[in-house]
Amino acid sequence: MTALFPFLRLLLFCFPFLLSCAGCQKTPESGILARVNGEKIRWGDFRSALSRESLQYTPEALSEKGALKILKESTLQAMIHEVLLLEAAEEEGIKISKKELSDALKKIESGHQPFELKKLLQQQKLSPEEWKERHEKKLTIEKFIDHLAKKKGPSEEEMKKEYFVNRGLYREMEKSHCRQIVASSEPKAEKILSLIQKGENFAAVAQEYSESPDRERGGDLGWVARGDLPPIMDEACFRFEPGETNGVVRSAYGYHIFRVIARRPARNIPFNEAKSLIQKEWREKKRDEILRGWLEEKRKNSKIEINQKMMENAAVSL
């Protein structure tokens with residue numbers, strides 16, 4: 001399905017011409033368009049999904065001959081696959097916890113202003129409850145696909161081959177573990193620095209005085225490699241030895257004080273440590289291939305009935 005969408009985007013720019021269909025059959029919203037292992041796909045749900053899918057294309061793109069037919073078919077197939085995947089997830093006992101859903105929704109919400117999210121839901125004709133339900137299904141499907149990929153491999157032999165053939169990829173640069181305190185003014189930063197120089201605990205001072213979000217972690221930046229931070233901060237974390245604190249450094253974010261906690265030299269990552277990296281990369285590469293294979297096999301063993309007459313003749317209004 002994914003491979004179809006670039007093609008669709010080229011072709012589906014002609015909806016205004018295709019939406020009014022003289023002589024088309026009107027279809028009740030509750031009409032059944034398809035059954036997937038007994039699960040019903042109703043016309044109303046299909047029409048709503050089609051409407052949302054069409055938002056990805058401009059009117060010009062939707063005006064190409066045959067665009068509506070392709071969009072209708074791809075939307076229906078996506079809905080069939082969704083039913084099959086959710087059915088399999090349920091059989092495997094794969095669910096999304098309330099916390100997983102809440103965290104995912106918060107992440108999405110943090111990337112939008114409230115009015116932007118409201119406008120997006122209005123465009124997609126979704127209520128907040130429907131929006132949550134759609135994301136719960138999406139997350140469940142992603143979790144099931146991850147589950148599939150984990151079951152498929154890679155094998156120990158495949159991981160060793162990857163590790164030794166691409167050994168250079170499994171090398172870690174020199175890293176430094178740092179804490180920081182950020183102040184909005186130089187006088188404040190100097191006052192904080194004097195507290196540190198008097199022996200106050202760096203993490204405790206960071207929690208009390210720092211104006212950076214990492215204050216909750218005592219200013220802990222974790223392990224950073226050279227180049228991970230802006231140059232002026234990068235130099236501060238690698239110039240000093242573990243245990244040392246630099247003077248006040250100014251950046252575009254404010255006035256910083258850094259404490260180097262520890263230093264780890266560049267190294268070749270041992271195979272046992274690299275395995276998790278290899279597995280992750282392998283699953284990302286193979287994910288689509290595994291999904292295609294699974295869907296192909298699942299469809300062979302499923303009962304899928306489509307009301308082709310309804311699909312071809314029913315009027316569409318987006």
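Four strands make up an open sheet with the order β5-β4-β7-β6 and antiparallel pairing; the model it belongs to is a predicted one. The edges are taken by β5 (220-225) and β6 (249-251), each of which pairs on one side only. Ignoring direction, neighbouring strands here are turned by 45° against each other on average. Zooming in on one pairing, β4 (residues 175-183) and β5 run antiparallel and are joined by five bridges. One residue pair to look up is K175, whose bridge partner in β5 is A225.

Two helices lie across this sheet. Helix α10 (residues 202-209) lies across β4 and β7 (254-264), and runs at about 40° to β4. Helix α11 (residues 231-239) lies across β4, β5, β6 and β7, with an angle of about 40° to β7.

Then there is an open sheet of three strands, again with antiparallel pairing, in the order β2-β1-β9. Its edge strands are β2 (39-42) and β9 (304-306), and each of these pairs on one side only. The twist from one strand to the next averages 20°. Strand β1 (residues 32-36) is tied to β2 by four bridges, and the two run antiparallel. Within this sheet, I32 sits opposite R42 of β2.

Helix α3 (residues 43-54) lies across β1 and β2, running at about 60° to β2. The helix also brings in some aromatic chemistry: W43 and F46 form a tilted aromatic pair, at 5.3 Å centre to centre with 50° between the planes. These two residues are three apart in α3, so about one helical turn separates W43 from F46. Across the structure, there are five aromatic pairs.

On to the helix packing, where α7 and α12 each turn up in two of the contacts described here. The axes of α4 (residues 67-91) and α7 (residues 128-152) come within 9 Å and cross at roughly 65°, which means that α4 is roughly perpendicular to α7. The crossing is left-handed. On the α4 side the contact is made by E82, L85, L86, A88 and A89, and on the α7 side by K137, T140, I141 and F144. Sorted by class, that gives six nonpolar, one polar and two charged residues.

Helix α7 also meets α12 (residues 271-300): their axes come within 9 Å and cross at roughly 100°, so α7 is roughly perpendicular to α12. From α7, the contact uses E142, F144, I145, D146, L148, A149, K150 and K152, while α12 supplies W282, R283, R287, I290, L291 and W294. The class split for α7 with α12 is eight nonpolar, no polar and six charged residues. F144 of α7 is thus listed in the contact with α4 as well as in the one with α12.

Finally, α8 (residues 156-165) packs against α12 at an angle of about 100°, with the axes 10 Å apart; α8 and α12 are therefore roughly perpendicular to each other. Here E156, E158, M159, K160, E162 and Y163 of α8 meet F271, A274, K275, I278, Q279 and W282 of α12. By class, the α8 and α12 contact has six nonpolar, one polar and five charged residues. W282 of α12 is worth picking out, since it appears in the contact with α8 and also in the contact with α7.

Terms used:
Residues are numbered from 1 along each chain as its sequence is written. This is a predicted model: local features need pLDDT of at least 70, side-chain atom pairs count only at pLDDT 80 or more; totals for chains, interfaces and linings use all residues. Side-chain values use heavy atoms; hydrogens and water are left out. Axes are lines fitted to C-alpha atoms, for helices over the stretch in contact, and angles run from 0 to 180 degrees between N-to-C directions. Angles under 35 degrees count as roughly parallel, over 145 as roughly antiparallel, 65 to 115 as roughly perpendicular and the rest as oblique. A crossing is left-handed if the near helix is turned anticlockwise from the far one by less than a right angle, and right-handed if clockwise. Contact means heavy atoms within 4.5 Å. Ala, Val, Leu, Ile, Met, Phe, Trp, Tyr, Cys and Pro count as nonpolar, Asp, Glu, Lys and Arg as charged, and the others, Gly among them, as polar. Two strands pair if DSSP finds at least two bridges between them. Rings of Phe, Tyr and Trp (its six-membered ring) pair if their centres lie within 6.5 Å; planes under 30 degrees apart count as stacked, over 60 as edge-to-face and the rest as tilted.
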